[in-house]
Amino acid sequence: MDLADAYLWHLRQSPAYLLDRLREVLATVELEGLAGDLAAGRLSAAPQPLERVAGFTAAQCEAYTSCLRPGVRLVWGPPGTGKTWVLSEAISSLIASGKRVLLVSATNIAVDNALAGVIRHRRHRPGQLIRVGPPHLREIATDPDVSLAHLVKAVLAEAEQRRLKVQNQLLALKQTVDELRVVEELIADYNPDEHASAQAAVGRDRNIPRLAQRLADVGSHVIACRHALVRAETAVRKARAAVAEASGSRAALDALDDVRRQGALAQQEADQVAMRLLAARGERDRTEAQLAAVQSGGLLARTRDWRQPQRLRGLLHQQQEMLSALEEEVQRNESLLSRFHQSSEPKVAALQAEARYTRAQIGGRDHALAEAQRAHEASSTELSAAIAEQDAAQQRLLTAEAAPRATPAQLALIEQADRHHLPAQYERLRLLRRRVAAEASARSRLEKEHAKAHDDYDRLRRDAEATLIRQARLVATTLARLRTADVLLDGPYDVVLIDEIGAATIPETLLAVSRATTTAVLLGDFMQLGPVLPKPITDSKRADVQRWLCDDVFGMCGITVAADATAHPGCTVLDEQHRFGHDVMHVANAIAYDGLLRAAPTIPKRDSGDPEIVLIDTDRLGDLATVRATGRTKGWWPAGALISRVLADYHRSRGETIGVITPYNPQAEATLEALRDREETSTEPTEVGTAHRFQGREFDIVVLDLVEDDGKPRWIAQASISRGGFAREGLKLFNVAVTRTKNRLYLVGSRHRIEQAPPDTALAHLAPLLGDPIRTVPAERLITAPSVAEPDRPALGEFGRDLADILAQHVRVAEIQDEKQFYETFTEHLNSARHSIWMWATWTTNRTKSIAPVLADAIARGVQVIIFVRDARDHLQGTANAQQNLATLRAAGPIIVEVYKMHQKIVVIDERIVLLGSLNVLSQRQSREVMLVMEGTHFARKILEHEQAVQFRQPPPVCGRCGSTTTIALHRPKEGWRWRCYARTANPATAQAATCGWSTNPSEPIHDDMATSRSLR
């Protein structure tokens, strides 16, 4: 086992066993030569400097010369002191002189930064510089002359095409085989005949309830038909009775009609005689007129027609006789009519009195009888049909019940077949088998072709990679890849250069140095973050574990502070930095470098109007700036995410690069969620992460979110170089973050925490600098945008106003100076809710009465409303008034969750709008408070996730032990969040009342008897 194997084993196994194995390895030939010198702490003396490189300081020239001279040396280079520049120049010179160089580092970014400097010289040919492994920088990853993947791809392009062509053809054929295999496994136990038999039996069983229901439905229909027939018979009887009741009126009306008809006939006969009388009189008058005319004529006329007068006188006599007869008949008729009327009037009156119903009424009763009879006939017909259907349904049910029932095995068979669609899969199996059989010969041929093409490709690829690596003058990779790739370990290398050596373990450093034949130079900073090691190693108390695994190369050589590095003859110290300004340098010197760093002449002094370090003071932001613990020392807070988002917007709009650094992953995640709401479509989003991600990087602007409020001190507040262990790592983290900036450093945290920091901590070094050079901008003032600055907290002029303007784009500030105005706005937010309202309100006072109706309206339109309040054991929430207001709130319909010692003031609407601050929306009165209204789905969901809203949105309806409804949410450090019952119950042993104490995890299922209990609402 060589050193690399031992290290890998060591990372996977216990420290005690593997340290013994590592000690054996360290004594072998692996540590001869330069690696042996380094393991023994022997470093080469400083070489005589070569001619000065343009722009290099004396120390940089010494470091540069060390890379070109035999031996092993350390170069201590704090941030910004030009380590990467020295490496770039040295590598270029080494390649030009025909040397072969291995450039390694613990991080990809450090490798890429040094390699990028060499590439910019443009002194190399394609393939001379090779980056092995995944690059971090895009310019390296896309460079076809440097990236090993691109170089290999170019060599293998033709072979890859042939291989892919055969592979795609074979994959197309194998897809059918794979599908067949999957289907065969799925239906391995499937029998179509058994399934058909079981399906028939199960179908009959499943049909019995339907047949029974059908019989019940038909029976109900028969009963309904019988009732309908009874109602129809009743209607016929009533209609017949009504017709019979009107029979007297019908007879009277008939008799009355007969009398009237007789009178009409008599009148008609009398009228006819009268008409003949009138006609006879007219004939008589005409005859008399003719006779008079004849008699009044001349003699000649009378002589010529002497018979005419005689004829007219005869006719007149006849007409007179007829007229007399008609007059007599008219008189008789009038006499008869008079007597008829006199005799019929009493009868008519009697008949009219007897006829109580009119003809229309009698006709209506006749029509009603006819309709009732038709309805009776229809009801009778429908009843007969229903009875017949009932008999048929009864027979079908009896037949089904008499058939054999499905067995449990048949039921299980059908359930499995339905769940996996086995009948359809069986048909698919038959089709796939035919296809596989038809494609067998082609598949066999292609498999052979593909195996050969794959072997040829792999051989070419291995040879190509190895050939390219062996031909390269510079191989750049990480220490992790070096120890796992034989072609990299084989070398040989004239020079090995290791950057960011402080982040490398001693074993992997010795392994890399052992590859060098003449020169090894190790560059880094022991005040930057060290290697990330497994917890069993870091917790081990063994001296050998601490020496070989927990220490770094600087410590192995006796260098732990700046004075050690300066005094050591084998260590070159780069002390002139070119990255950041005097103020950041002053901080770095104070916390880590003991005043060693000095600014390059090119670093100008900044005026007071352009501060280099700005503290965004989070004091007096209330709940917004309260750290939510996610571990013993780590956590997150909304203030950091919000302020980082504002600062990112401010500087990105000015074309500046910005990095947001924070000690904890939860805060990085919260900040990413907040930024995602603003930069979701950005091609280059703001970089956010912990210091480990940014070691070796630099930005125009750095935001260091300390996640330190004025409560419990956390990691950064405890960071100290003198305490060691956890505190020392915290100081390194702080140092890495501070030294990433070029133009400005923002510190987001509590000024009070900095002012009260213990003397030996990193924050204690910042306290004397507050005011000058560290400019303080109260976050409270950015939010409330005051017009007058306090004397001891000066505003930042135009910069401060710009930040306030940017903040206004992220949030709407609701300063509670006018309660009426705020609650009008708050009501508008609640009325805008479409699907959910989450509310954390510590106490319920009289303010609840005005909010409850608004919440009731929201619930009525389908909005889910969940409210978290303190439980009744709280001295304020337990008062009669608070509990009465809580009852009013419950009556509005929301889900109420009682929480032990809750103090959040949050409202989240539709997982999009967050109201966050110091205002309790159900109890605020008179006091001046601030509430931020922040829009963004990602941030809103992060808030809900941290508050575990989903897990606690529905309390258990009743206690699983005593059945009470007093279950509340409780948090304990070891148990985490749980539901716990605080009802007072009788203790049988003591006959005294005691707390129930039942508890359950929110993720655990609630007891079965709770499913039907009332909801705690």
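A crossing of two helices is left-handed if the near helix is turned anticlockwise from the far one by less than a right angle. I wanted that written down before opening the predicted model.

**Entry 1: α8 against α15**

I started with α8 (residues 148-186) and α15 (residues 422-471), whose axes come within 5 Å of each other. The crossing angle is roughly 160 degrees. Angles over 145 degrees count as roughly antiparallel, so α8 is roughly antiparallel to α15. The hand of this crossing is left-handed. I then sorted the contact of α8 with α15 by residue class and got 25 nonpolar, six polar and 14 charged residues.

**Entry 2: α9 against α10**

Next I looked at α9 (residues 192-245) and α10 (residues 247-295). Their axes lie 4 Å apart, and the packing angle is about 35 degrees. Which residues meet here? On the α9 side I noted V243, A244 and E245, and on the α10 side S247, G248 and R250. The classes in this contact of α9 with α10 come to two nonpolar, two polar and two charged residues.

**Entry 3: the whole chain**

I stepped back to the chain for a moment. I find 36 helices and 29 strands in its secondary structure. The chain has 1017 residues, and 49% of them are buried. I also checked contacts between residues at least 6 apart in sequence: 75% of these join residues at least 24 apart.

**Entry 4: α6 and its ends**

Does α6 come out straight or short for its length? Its 14 residues should span 20 Å at 1.5 Å a residue, and I get 21 Å between the end C-alpha atoms, which agrees. The helix is mostly covered, with 10 of its 14 residues buried. Among them are I109, V111, L115, V118 and I119, and D112 is on the list too. I traced what the buried residues of α6 pack against: helices α5 (83-96) and α7 (138-141), plus strands β2 (101-105), β3 (129-131), β4 (474-478) and β5.

N108 belongs to this helix, which runs over residues 108-121. Its relative accessibility is 28%, so N108 counts as partly exposed. Setting aside neighbours within four places in sequence, I find N108 in contact with R131, P134, H136 and T478. I also paired N108 with L479: they are 371 residues apart in sequence, yet their C-alpha atoms are 9.5 Å apart. Just after α6 comes R122, with a positive phi of about 55 degrees.

**Entry 5: α23**

I ran the span check on α23 (residues 582-593) as well. A straight helix of 12 residues would span 16 Å, but the end C-alpha atoms of α23 span only 14 Å. Buried residues in α23 include V584, M585, V587, I591 and Y593, and N589 is also buried. D594 follows α23 and has a positive phi, near 50 degrees.

**Entry 6: A520 in β6**

A520 is in strand β6 (residues 516-524). Buried or exposed? The relative accessible area of A520 is 0%, so A520 is buried. Leaving out residues up to four places away in sequence, I see A520 touching L34, G71, V72, R73, V496 and V513. I paired A520 with S44 too: 476 residues separate them along the chain, and 9.9 Å separates their C-alpha atoms.

**Entry 7: backbone oddities in loops**

Where do the positive phi values in E500 and V707 fall? E500 is in the loop between β5 (493-499) and α18 (506-513), and V707 is in the loop between β15 (699-705) and α27 (715-718). Phi of E500 is near 50 degrees, and E500 is not a glycine. V707 is not a glycine either, with phi at about 55 degrees. I checked burial for both residues. E500 has a relative accessible area of 9% and is buried; V707, at 0%, is buried too.

The last thing I looked up was the peptide bond from D772 to P773, which is cis, with omega near 10 degrees. P773 is in the loop between α30 (762-766) and β17 (774-778).

Methods
Residues numbered from 1 in each chain as written. Predicted model: local features only at pLDDT ≥ 70, side-chain atom pairs only at ≥ 80, totals over all residues. Heavy atoms only, no water. Axes fitted to C-alpha atoms, helices over the stretch in contact; angles between N-to-C directions. Helix = DSSP H or I, 4+ residues; strand = E, 2+ residues; numbered from the N terminus. Contact = heavy atoms within 4.5 Å. Nonpolar A, V, L, I, M, F, W, Y, C, P; charged D, E, K, R; others polar. Buried < 20%, exposed > 50% of the residue type's maximum accessible area, 1.4 Å probe, protein only. Expected span 1.5 Å × (residues − 1). Parallel < 35°, antiparallel > 145°, perpendicular 65-115°, else oblique.
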